[in-house]
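Hi everyone, thanks for coming. I'd like to walk you through some side chains and their surroundings, so please have the viewer open.

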Amino acid sequence: MTLGRIRRHPRTCPLLLALFLLILSVQLVNAASEYDPYKILGVSRSASQAEVKRAYKNLAKEWHPDKNKDPKAEDMFIKVSKSYEILSNEERRSNFDRYGQMEENQPFGQSQHQGFRGFHNSFYFDESFFHFPRSRDFADSKYLLHHAQFNSDVLPDSHKRPYLIKVTSEWCFACIHIEPVWKETVLELEPLGVGIGIVDLGYERRLAHQLGAHRAPSIIGLVNGRVTFFHQAVVREHLRQFIEDLLPQKLVEKITDDNYLVYLDSWQVENKPSVLLFDQVPIVPLLYKLTAFAFRDYVRFGFVDQGETHNTRLLRQFNINTYAPTMLLFKEDTEKPVDIIQAKGMKRQIMDEFVSNNKFLQVPRLVNQQLFDELCPVKQFHRRRKYCVLLITGEDQAFLPGNKAFLEFASVNRKDVLRFAYVYQRQQQPLCQALLHNQAAVSPQVVILERRSHAGKVMYRSVSGGWNGSEEDKYRLHEQLELLQKDPTYLSSDATLPELNNEMAPIFIIQWMNAAYDYIVQIYDDLLYSNWREMMPILSLIFSALFILFGTVIIQAFSEPGENKPRKPKPKEQPQTEEDASSRASTSSRPPKKDFVEVTELTDITYISNLVKLRPGHINVVLVLTNASKNALLRKFAKEVFSFSGTQTLHFSFLNADKHRHWMPSLLRSTSDAMHSEGHSDEDEESPDYAGHVLALNGHKKYFCLFRPVFTGDDPNDSSSETSSDSRRKSRSRSRSSSHSRSRSHSREDGTVPKRGSSRATSIEVHHKLDRLGLWMERLMEGTLPRLQVPAWPSLNFFTES
């Protein structure tokens, strides 16, 4: 018997093992079928990505724990999210279709461990044995951030309060380790006004990439749209200090007996009410700093340490109770606060309500469009009308009595439908011109207006008689306000107001310095903590700039010697020839784009555009000629200025002296220097000859440079050609002397130069009048020619000969 039993035992073991494996396989099949992502999302296996996404959105809205109060909603929402994570990734979806795997490199049994809950429980262990989170804490679901929500809500709100954001993921052991500290920090900072957010690295990769977070866990601070990473040990005190360091430095000013009067009297310059915070602690509490950060655009905050001995006069003047924190709010009256709160347990909600009710002065100054929109909102059909009583005044001492009287009137006549404000006419000229019909106000004016649209349309009425602050003015204004409340159609005029100038905007150099400081701090932070992924774009930009810089230097070093060399001025002692002048001019300017020179005639039509309204920085080079000398002078003029025609700021024209014979004398008479240097006699004034004169006219700055013709050619009919040639050689040796000096020198040395008005000049003489124009153009480009200023350009129409 015993032996028989021993022989039958080996036969029953395989049967029991087979039965056990069968039961196990059934459990596995049931678990796999229960967690089928296709069934959870309700799509077929051939569904497209668009269909999967549409099904996920519908189910996520249906089972979101914040909207669905069903106890199973949280678990169902997690299943839907996990199913979408699998099917939205092509590789994971392919693995699941082939092998039933939930992750890329994870066995099916491990990925489906949650489905084996009943099976595991029969063996007295479950996934908590491996310290894996069964699901995300429901308390964290309200802090979850999505990409669209972050950009539409959180990012703008970071300009009013700082945000502390935790980046986590499903299978993160370090995230579980810091969870207790994180919860304690949230419970402490959230009541103070700090925004809390959680980003799941697995579900919100796009948002994580935008924040620059590529690993979990990461803790991020967000203030004014700027992202800062937390790099210290995750301790509650460190996280609290991290938030405090993110805030601007001068949010709350330290106030003592020595500076409180200056602080309170600066309401007019700052255009803000002032808040004084009294407390027994020597350091400004974080609660006060967060409140000051939220209302920094409206109110100034000062902190008084009640424990210091230097604040006794301040405490005695305002009768401060030293046993509880106190807040005083001052407006235009610096001796008496308009509101006060005092409580032992000062809460953020109480402080916000206290400041929100008093964030404007009684009569604030309109300094930007945002303040105008808040003080004088656009009319809404479902709300009561709001009228803005606007004083247009000045900032000089003479306007102070009227401004003070307007403040007194506003203090007495405060109503919900009336908002009082004032503007400085010099600071807001477009607004004042629209309300005063482009007329400058000699005395202050009061305008009552109602805004009708966001585009700037208003209905308004000006108070007759202006505003001097007298009792009569107050009575007249009060009477018109009473009429307005009885009859809204009393505002009979309409206008479209422009956007207000931002008087408080920092200048460009300060904005640039702040931006540069932020970049330097970011680079230092990335280098210190080796955030190379974020540093790569900046390093790439720096190395690209260095490569371009050194590449340019290397190319210039190996280029031909004659290319791109800077032009060197030639010494004065060396004689110049026409060929030298032409070659020198060609190297001093851009190469011509055309093979000809465009020379236009100054007429009644082209005079305004080519001279009077010439663009700034542009010069018109004008040749004066006559009908007889037109062809010869134009050919010579084109030859001399051809090398300069590639310069975009130079224009070339000619003026016919026969048609406009009085224009040149009128121009020279308007310049005292020119008259003195011209030295005309009465005989010369009667019949001047300006043919061959060239003027470089700067129409914008109203000055010109003058070139006088110098004859250097040989006259075959003149017996003194030798003397003329010698004179020409002497003249060319003076290349750096002024053209006026050269002209007078030739007149003294060369008796062959014809007088003005002489008709004996041959074509050769006319041709040689512009011999030295190339050198003169060279000096024009160098900016060494004397400039003759004119008060105004003479009119060409008036001097036109019929």
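Let me begin with one term: a residue is called exposed when its relative accessible area is over 50%, buried when that value is under 20%, and partly exposed in between. Please also keep in mind that this is a predicted model.

Let's try that out on Arg206. With a relative accessible area of 61%, Arg206 is exposed, because the cut-off is over 50%. You'll find Arg206 in helix α10, residues 205-211. Arg206 also belongs to a positive surface patch, together with Lys53, Lys57, Lys61 and Lys67. Which helix gives the most to that patch? That is α3, residues 49-63, with three residues.

For a contrast, please move to helix α14, residues 286-294. This helix is mostly covered, with seven of its nine residues buried. Among those buried residues are Leu286, Leu287, Tyr288 and Phe293; Leu290, Thr291 and Ala292 are on the list too.

Now to the salt bridges. How many are there in the model? The count comes to 21, and I've picked a few to show you.

Take Arg426 and Glu395, whose side chains meet in a salt bridge at 2.7 Å, N to O. This pair links distant parts of the chain, 31 residues apart. Arg426 sits in the loop between β11 (418-424) and α19 (429-435), while Glu395 sits in the loop between β10 (387-393) and α18 (400-412). Is Arg426 buried or exposed? Arg426 is exposed, with a relative accessible area of 57%, whereas its partner Glu395 is partly exposed at 33%.

The next pair is Lys415 and Glu482, with a salt bridge of 3.6 Å, N to O. Lys415 lies in the loop between α18 and β11, and Glu482 in helix α20 (residues 471-486), so this salt bridge ties together parts that are 67 residues apart in sequence. Lys415 counts as partly exposed at 35% relative accessibility, and Glu482 is partly exposed as well, with a relative accessible area of 28%.

Let's stay on α20, where Glu472 and Arg476 both lie, four residues apart, about one turn of the helix. Their side chains meet in a salt bridge too, at 3.3 Å, N to O. How do the two compare in cover? Glu472 is exposed, with a relative accessible area of 56%. Arg476 has 18% relative accessibility, and because the cut-off for buried is under 20%, Arg476 counts as buried.

Elsewhere, salt bridges that share partners join Glu188, Arg236 and Arg240 into one network.

My last stop is Asp771. Where does Asp771 sit? Its place is in the loop between α31 (763-767) and α32 (773-782). Although in a loop, Asp771 is buried, with a relative accessible area of 7%. Which side chains does the side chain of Asp771 reach by polar contacts? One of them is the side chain of His768, at 2.9 Å; another is that of Lys636, at 3.5 Å.

So, three things to look at again on your own screens: the positive surface patch with Arg206, the salt bridge between Lys415 and Glu482, and Asp771 with its polar contact to His768. Thanks for listening, and I'm happy to go back to any of these views.

Note on methods. Residues are numbered from 1 along each chain as its sequence is written. This is a predicted model: local features need pLDDT of at least 70, side-chain atom pairs count only at pLDDT 80 or more; totals for chains, interfaces and linings use all residues. Side-chain values use heavy atoms; hydrogens and water are left out. Helices (H or I, at least four residues) and strands (E, at least two) are DSSP runs, numbered from the N terminus. Buried means under 20% relative accessible area, exposed over 50%, partly exposed in between (1.4 Å probe, protein chains only). A polar contact is a pair of N or O atoms within 3.5 Å; within protein, one must be able to donate a hydrogen and the other to accept it, and residues adjacent in sequence count only if both atoms are side-chain atoms. A salt bridge is a side-chain nitrogen of Lys or Arg within 4 Å of a carboxyl oxygen of Asp or Glu. Patches are made of residues with over 30% relative accessible area and no salt bridge: like charges are joined within 9 Å, nonpolar side chains (Val, Leu, Ile, Met, Phe, Trp, Tyr) within 5 Å. Accessible areas come from the Shrake-Rupley method with a 1.4 Å probe; for residues, only the protein chains shown count as cover. Lys and Arg count as positive and Asp and Glu as negative; His and the chain ends are not counted. The place of a charge is taken as NZ of Lys, CZ of Arg, CG of Asp or CD of Glu.
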